[in-house]
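The exercises below can be worked with the sequence and the coordinates side by side. Each task is followed by a solution in steps.

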Amino acid sequence: MRTRWGTQASQQTLSARIARGFAYGHPTETVNLVSHGILERQSGFNKALGIDTPEDCNSVDNQLLDLLAILDEHLCEFSYLLGNRPSLADFALFGPLWAHGFNDPWSAEILEVNAPQVCNWLQEMANLGDKRGLLGREEFGHWLDLEAALPETLIKLVTFIARTYLPQALGYREAMINQQENFTTTIYGIETQLPRFDYRAGTFAELQQRFVDLSPNDQSWLESSLATTGLFPDMMADEIKRNPHFDALTPPFVSNPEQNKLAYKGE
């Protein structure tokens, strides 16, 4: 979101692109009106995302570069995140890096200049299963050998996640529990204030539950293998606190749109 709305070129391009989709088949004047409305709406999200000060913006810019450096180093040795065959982890990272990275003006330049292996991986992921050949690989290698030590690049990636995602997740959790409108946390060495967001507290609880559902041996292996990353014990230090509005849902699917609105807003 920082790179999508952080420069005038990206703002103009992306608001027009999104408007074109919403107003498909309508006159250009309508597309322009929709584009203006989208730009007005999106410009108000910076505070909620913790990127409303120059210090925050510089930190997020550095985080992106650090993430790309880790991924580029990893993809020099492996075709995918968990070895030489794609996994859910690849698709999870592919989504934002493709939509908000490779296909947006400002971030596309950042990716092309700093992370060519990531760009290759993104293009291959986008073409998986393409029967015409192209980049649509259909034969894959093996997973990482879990009997050996995890690659240092994966340790770096989880350490990055522990420094960026975990402080936010724990903050959202505590704000939900204590009914606080805002909370302050330290992300990548920068003190940042964020608003309460119960939806994100709920998704963190889902992640914690996934860990609890693992076998004791798998839990032990993960904690041992990731001992230096800072993810444990903080991720599981306290009792799981679910977002009560999630109980009737099966994320990411919803049965009642109004119920989904309440879960999203934390009401």
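The expected span of a helix is 1.5 Å times one less than its number of residues. The model used here is predicted.

**Exercise 1. Helix length**

Task: Compare the end-to-end distance of helix H9 with its expected span, then do the same for helix H5.

Solution.
- Step 1. H9 has 27 residues, for which the rule of 1.5 Å a residue gives 39 Å.
- Step 2. The end C-alpha atoms of H9 are 38 Å apart, so the distance agrees with the expected span.
- Step 3. H5 has 24 residues, and 34 Å is expected for it. From first C-alpha to last, H5 reaches 36 Å, which is close to that value.

**Exercise 2. Along and beyond H9**

Task: Find where H9 bends, and describe the residue that follows this helix.

Solution.
- Step 1. The bend is at Tyr165 and amounts to about 40°.
- Step 2. Within four residues after the bend comes a proline, Pro167.
- Step 3. Gln179 follows H9 and is found in the loop between H9 and E1.
- Step 4. The phi of Gln179 is positive, about 55°, although this residue is not a glycine.
- Step 5. Exposed means over 50% relative accessible area. Gln179 has 53%, so it is exposed.

**Exercise 3. Other backbone features**

Task: Examine the backbone at Tyr188 and at the bond between Phe232 and Pro233.

Solution.
- Step 1. Tyr188 is not a glycine, yet its phi is positive, about 60°.
- Step 2. Tyr188 sits in the loop between E1 and strand E2 (190-195).
- Step 3. Buried means under 20% relative accessible area. With 17% relative accessibility, Tyr188 therefore counts as buried.
- Step 4. The peptide bond joining Phe232 and Pro233 is cis, with omega about 5°.
- Step 5. Pro233 belongs to the loop between helix H11 (216-225) and helix H12 (257-265).

**Exercise 4. A contact between H1 and H5**

Task: Which residues does Asp61 contact, leaving aside its neighbours within four places in sequence?

Solution.
- Step 1. Asp61 is found in helix H5, and on that criterion it is in contact with Arg2 and Trp106.
- Step 2. Arg2 lies in helix H1 (residues 2-5). Along the chain Arg2 and Asp61 are 59 residues apart, while their C-alpha atoms are separated by 7.9 Å.
- Step 3. The side chains of Arg2 and Asp61 are joined by a polar contact of 2.9 Å.
- Step 4. Under the same exclusion of sequence neighbours, Arg2 contacts Ile51, Cys57, Val60, Asp61 and Trp106.
- Step 5. Arg2 has a relative accessible area of 18%, so it is buried. Asp61, at 22%, counts as partly exposed.

**Exercise 5. The nonpolar cores**

Task: Identify the residues with the most contacts inside the largest nonpolar core, and the elements that supply it.

Solution.
- Step 1. In soluble globular proteins, nonpolar side chains tend to be buried together.
- Step 2. The largest nonpolar core here has 33 residues. Leu68, Leu71, Leu111, Val118, Trp121, Leu122 and Leu157 have the most contacts inside it.
- Step 3. At least two residues of this core come from each of helix H5 (54-77), helix H6 (88-102), helix H7 (105-114), helix H8 (116-126), helix H9 (152-178) and strand E1 (182-187).
- Step 4. Leu157 touches Leu67, Ile70, Leu71 and Leu81, not counting residues up to four places away in sequence.
- Step 5. A second, separate core has 12 residues, including Leu150, Ala162, Phe204 and Met235.
- Step 6. Within H5, the buried residues include Leu64, Leu67, Leu68, Ile70 and Leu71, and also Asp56, Gln63 and His74.

**Exercise 6. The whole chain**

Task: Judge from the radius of gyration how the protein chain compares with a globular protein of its length.

Solution.
- Step 1. The protein chain has 12 helices and 2 strands.
- Step 2. For 267 residues the globule rule gives 18 Å, and the radius of gyration is 20 Å. These values are close, so the chain is as compact as a globular protein of that length.
- Step 3. Along the principal axes, the C-alpha atoms fill a box of roughly 60 × 55 × 40 Å.
- Step 4. Of the 267 residues, 36% are buried.
- Step 5. Among contacts between residues at least 6 apart in sequence, 62% join residues at least 24 apart.

Key. Residues numbered from 1 in each chain as written. Predicted model: local features only at pLDDT ≥ 70, side-chain atom pairs only at ≥ 80, totals over all residues. Heavy atoms only, no water. Core = buried A, V, L, I, M, F, W, Y, C linked by side-chain atoms within 4.5 Å. Buried < 20%, exposed > 50% of the residue type's maximum accessible area, 1.4 Å probe, protein only. Contact = heavy atoms within 4.5 Å. Bend = angle between axes of the 7 residues up to and from the residue. Polar contact = N/O pair within 3.5 Å; in protein donor to acceptor, adjacent residues only side chain to side chain. Rg over C-alpha atoms; globule rule 2.2 N^0.38 Å.
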